[in-house]
Amino acid sequence: MSDLGPDGPDEPRVPPTPAVAALVFGDRLELAERFVAVLADTGISHGLIGPREAPRLWDRHVLNCAVVHEAIPRGPQRQQLIDVGSGAGLPGLALAIARPDLDVHLVEPLARRTGWLSGVVAQLDLSNVTVHTARAEAMWDRLQAPWVTARAVSRIAQLAEWTLPLLEAGGSLLALKGERAAEELAESGAALQRLGVVDAAVETYGSELLAAPTFVLRATVDEVVDRRRFRSRAPSSAGSARRRADRPRGTRRNGPAGGEPRRRPS
Ligand SMILES: C[S@@+](CC[C@H](N)C(=O)[O-])C[C@H]1O[C@@H](n2cnc3c(N)ncnc32)[C@H](O)[C@@H]1O
């Protein structure tokens with residue numbers, strides 16, 4: 001792997017490790033450095049991250065994502081986390097490196113991206129990561145966790161539709177957002193409530209460590225969300241075909257609340 005950029009020897013592609021990275025990653029710093037090196041190399045050459053991002057891979061991407069681990073208390077047991085729309089492994093891989101006590105599921109529909117992600121997981125020998133090639137909605141019957149993360153996937157109302165059914169009762173969606181997170185929450189608070197969110201707030205992480213802190217829109221549910229609240233059509237997967245086959249004849253997925261069969265007009 002070359003550490004020189006495409007513009008020649010004066011243009012280093014792998015950014016130097018900032019001192020603060022050791023505070024965030026502790027004894028996993030070397031793994032984080034290897035992740036940054038892969039991002040700077042095949043992450044860019046495979047188009048998962050823009051070439052202009054190379055100099056700011058640490059502060060704007062890997063550290064910016066990893067500091068969010070503070071939102072997740074350490075418990076006596078391993079916890080599951082589902083990262084939706086992982087792309088180049090952000091925030092999922094950054095969190096899996098920072099927190100080996102988490103079992104991280106990367107959910108990303110584009111096979112080209114999950115192929116790359118699986119390669120990185122193998123290269124870094126990360127035993128706490130599983131990669132799924134699927135949309136979030138296709139995982140509703142297959143994964144459930146107390147934590148779901150996402151960065152730059154969609155606005156919060158749409159993201160909530162896709163991800164809330166992946167949460168256990170009491171679980172939280174942690175959506176990494178820009179500076180306008182509070183505005184987005186104000187616009188979408190009512191929609192989130194309708195979707196089953198009982199508590200939503202904007203939190204900041206990394207204020208003492210990073211030049212620009214990370215804004216997280218946290219949306220919490222108190223019970224497993226009834227998927228019939230959602231407009232999103234079930235994905236065409238073996239799972240949804242099976243669910244359709246299981247459904248009594250004459251009923252529809254988006255039937256009236258309570259799941260009563262919709263009556264045919266006589
Ligand atoms: C702009 S990229 C962001 C990637 C990464 N999270 C980051 O911050 O660099 C958005 C990603 O979300 C994925 N995506 C879009 N809709 C999705 C869905 N319904 N379920 C899971 N992933 C989705 C896309 O394939 C894409 O990789």
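This is a short selection-by-selection tour of a predicted model of a protein with its ligand.

**The whole chain**

Start with everything shown as a cartoon. You should find 8 helices and 9 strands in the protein. Now colour by burial: of the 266 residues, 40% are buried. If you like contact maps, try one here. Among contacts between residues at least 6 apart in sequence, 65% join residues at least 24 apart.

**The ligand and its shell**

Next, select the ligand and the residues around it. There are 18 residues in this shell, and Gly85, Gly87, Arg135, Ala136 and Arg151 come nearest. How many of the shell residues are nonpolar, polar and charged? The division is 10 nonpolar, 3 polar and 5 charged.

Keep that selection and add the annotated positions. An unreviewed UniProt entry places the feature "binding site" at Gly85, Leu90, Ala136, Glu137 and Arg151. Gly85, Ala136 and Arg151 are also among the residues that come nearest to the ligand.

**Ala136 and Glu137**

Zoom in on Ala136, in the loop that links strand S5 (129–133) to strand S6 (145–151). Is Ala136 buried or exposed? It counts as buried, because 27 C-beta neighbours lie inside 10 Å, and 20 are enough for that label. Leaving aside neighbours within four places in sequence, show its contacts: Val84, Val107, Trp162, Thr163 and Leu166.

Step along to Glu137, which sits in the loop between S5 and S6 as well. Glu137 also counts as buried, since it has 22 C-beta neighbours inside 10 Å.

**Val84**

From Ala136, follow the contact to Val84. Val84 belongs to strand S3 (residues 79–84). With 28 other C-beta atoms within 10 Å, Val84 is buried. Beyond its neighbours within four places in sequence, Val84 is in contact with Val107, Ala136, Val148, Ala150, Val153, Trp162 and Thr163. While you are here, draw a distance from Val84 to Asp125: the two are 41 residues apart in sequence, and their C-alpha atoms are 21 Å apart in space.

**Helix H2**

Now select residues 29–45, which form helix H2. At 1.5 Å a residue, its 17 residues should span 24 Å, and the end C-alpha atoms are 24 Å apart, so the two values agree. Where does H2 bend? Look at Leu39, where the bend is about 35°.

Show side chains for the buried residues of H2: Ala32, Phe35, Val36, Val38, Leu39, Ala40, Gly43 and Ile44. Leu39 is therefore both the site of the bend and one of the buried residues, with the cut-off for burial being 20 or more other C-beta atoms within 10 Å. To see what the buried residues pack against, add helix H1 (20–25), helix H3 (57–66), helix H4 (92–98) and helix H5 (111–123). After H2 comes Gly47, with a positive phi near 80°.

**Helix H7**

For the last stop, select residues 181–195, helix H7. This helix has a kink of about 60°, centred on Ser188. Its buried residues are Ala181, Ser188, Leu192 and Leu195, so Ser188 appears in this list too. Turn on the surroundings: the elements covering these buried residues include helix H6 (156–163), strand S7 (167–177), strand S8 (197–205) and strand S9 (214–221). Finish at Gly196, which follows H7 and has a positive phi near 115°.

Terms used: Residues numbered from 1 in each chain as written. Predicted model: local features only at pLDDT ≥ 70, side-chain atom pairs only at ≥ 80, totals over all residues. Near = placed C-beta within 6 Å. Nonpolar A, V, L, I, M, F, W, Y, C, P; charged D, E, K, R; others polar. Helix = DSSP H or I, 4+ residues; strand = E, 2+ residues; numbered from the N terminus. Expected span 1.5 Å × (residues − 1). Bend = angle between axes of the 7 residues up to and from the residue. Buried ≥ 20, exposed ≤ 12 C-beta atoms within 10 Å, placed from the backbone. Contact = placed C-beta atoms within 7 Å. UniProt positions renumbered as here; feature names shortened; annotations may be inferred.
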